Structure formats: structure tokens, C-alpha cells
Amino acid sequence: MLNRIALMLGITMLGVCQTTAEDWQATVEIPRLNVSEYHRPYVAIWIQDENRKCVANLAVWYQLTKSGEGEGTKWLPDLRQWWRRSGRSLQMPVDGVSSATRPAGKHELAFDDANQRFSKLPAGKYSLMVEASREVGGREVLELPFEWPSQTTQKLKAAGKEELGAITFVIPPSQ
């Protein structure tokens, strides 16, 4: 049993160490709320251009399993901005984008800059968008504008007030 735990810990640590300075990195904090009925929020993270068109979906966290209340996709339209710009045209789940909801805490994401989502971005002004919506709760959207390509590392920060906590986004210089 201890060997399995050590092996899993080693694999996990190896995965953490694979993040490089060339990766696009995001940290999304989901605050712990003191409410009588708490449900994990649905969260969508995407990049939009200056015309507000979605150019890359980075992550969508939602209930993946069917519950007594139905399919988890039923409430994806509650992520209103993301839904209008991209979500309604997607067939969920999306490989490499969608995953289960996350508990309260800080969640780190890393994206390889060689990924087509980033390597094919034309020069211009963009925004990282983070939207959260929670059953029996509120909805919140944060926008972190940036320019691409970048000559230096860009470190963007924003802080939510209710459904989202601190958001950071680190963009490496273009190569």
C-alpha cells in the first residue's frame, strides 16, 4: 500500500515539475463560502479577441455525471457569456478542456505554448475570461486583457468579489 502511495506521489510530482517557463500558466481561486446550501461552481476559462469572439477554450469545469437533478450539461447555459460566445456550439465533453467541478481552493493550470490554441494566435489584443456560476448562488465574470505576441513575460492579476477569488495569468514571451 505504501509503495502505491509513493508511486502515485512520485507521478504527481513529476507532472508538477513538467511545467516550464514557456508554458502559459493560470491560477484560479474558488473561495470558501459560508452559506447554508453550497454547490461547487461551474467555471469556464477562455481567451477572446478584441471583438469578443472566443478564440480558445482553456477549461470548463462542470458536473460530469448524471445526478438526480439530471445531466450536468443542463446548467452550462448559466455560464452566460461563455455560453453565448462558445459553449452552445460545443459538443460536451471536450477533450483536454472539460473536467469535473473543483472544490474551494487554488487551482493551477498550465498550457504548453506549442499548443495550437496559442501558437496560431495572430498578433492583437486579447482577454483571458474567467466566469463562474453556482447553483443557489451568484455569477461572476473577470477579464484580464493582454497583447500577443509579447516581448516579455506578462503577469496579469484580478480578484473576484463573490464566486471567484484571486486570478493570475502568466504569459511567456513569444518565441
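# A tour of the predicted model

Select Ile 47 first: opposite this residue, in β3, stands Ala 56. Strands such as β3 are DSSP runs (E, at least two residues), helices are DSSP runs too (H or I, at least four residues), and both are numbered from the N terminus. Two strands count as paired if DSSP finds at least two bridges between them.

The model is a predicted one, in which local features need pLDDT of at least 70 and side-chain atom pairs count only at pLDDT 80 or more, while totals for chains, interfaces and linings use all residues. Residues are numbered from 1 along each chain as its sequence is written, and side-chain values use heavy atoms, with hydrogens and water left out.

**The whole chain**

Display the protein as a cartoon. It holds 3 helices and 9 strands, which follow one another along the sequence as α-β-β-β-α-β-β-α-β-β-β-β. Of its 175 residues, 40% count as buried; buried means under 20% relative accessible area, exposed over 50%, and partly exposed in between (1.4 Å probe, protein chains only). Among contacts with a separation of 6 or more, 61% are between residues 24 or more positions apart, a contact being heavy atoms within 4.5 Å.

**Strand β2 and its partners**

Next, select residues 42–49, which make up strand β2. Is this strand enclosed or open? It is largely enclosed by the rest of the structure, because 8 of its 8 residues are buried. In a regular strand, side chains alternate between the two faces of the sheet. On one side of β2 lie Tyr 42, Ala 44, Trp 46 and Gln 48, and on the other Val 43, Ile 45, Ile 47 and Asp 49; both faces are covered.

Add residues 54–61, strand β3, which runs antiparallel to β2 and is joined to it by 6 bridges. The two strands form a hairpin with 4 residues between them, and Arg 52 in the turn has a positive phi of about 65°.

Then add β6, which pairs with β2 in the antiparallel sense over 8 bridges. Two positions can be checked here: Gln 48 has Ser 127 as its bridge partner in β6, and Asp 49 has Tyr 126.

Widen the selection to the full sheet. It is an open sheet of 5 strands in the order β4-β3-β2-β6-β7, with mixed pairing. At its edges are β4 (98–99) and β7, each of which pairs on one side only.

**The second sheet**

Hide this sheet and show β5, β1, β9 and β8. These 4 strands form an open sheet in the order β5-β1-β9-β8, with antiparallel pairing. Because β5 (105–111) and β8 stand at the edges with a single partner strand each, one side of each is left without a neighbour in the sheet. Neighbouring strands of this sheet are turned by 10° against each other on average, direction ignored; the axes are lines fitted to C-alpha atoms, for helices over the stretch in contact, and angles run from 0 to 180 degrees between N-to-C directions.

Focus on β1 (residues 24–30), which is joined to β5 by 7 bridges and runs antiparallel to it. Gln 25 is a useful marker, standing opposite Ala 110 in β5.

**Aromatic rings**

Show the rings of Phe, Tyr and Trp (its six-membered ring), which pair if their centres lie within 6.5 Å; planes under 30 degrees apart count as stacked, over 60 as edge-to-face and the rest as tilted. By this rule there are 9 aromatic pairs. One of them is the tilted pair of Trp 24 and Phe 169, at 5.9 Å centre to centre and 55° between the planes. This pair links distant parts of the chain, with Trp 24 in strand β1 and Phe 169 in strand β9, 145 residues apart. Trp 24 counts as buried at 0% relative accessibility, and Phe 169 is likewise buried at 0%. Select Trp 24, Phe 111, Phe 118, Tyr 126, Phe 146, Trp 148 and Phe 169 to see a cluster linked by ring pairs.

**Salt bridges**

How many salt bridges does the structure hold? It holds 2, a salt bridge being a side-chain nitrogen of Lys or Arg within 4 Å of a carboxyl oxygen of Asp or Glu.

Select Glu 131 and Arg 139, whose closest N and O atoms are 2.5 Å apart. Glu 131 is buried, with a relative accessible area of 0%, whereas Arg 139 is partly exposed at 31%.

Finish at Glu 163 and Arg 134, whose side chains meet in a salt bridge at 2.8 Å, N to O. This pair links distant parts of the chain, 29 residues apart: Glu 163 lies in the loop between β8 (154–159) and β9 (166–171), and Arg 134 in the loop between β6 (124–133) and β7 (139–148). Both Glu 163 and Arg 134 are buried.
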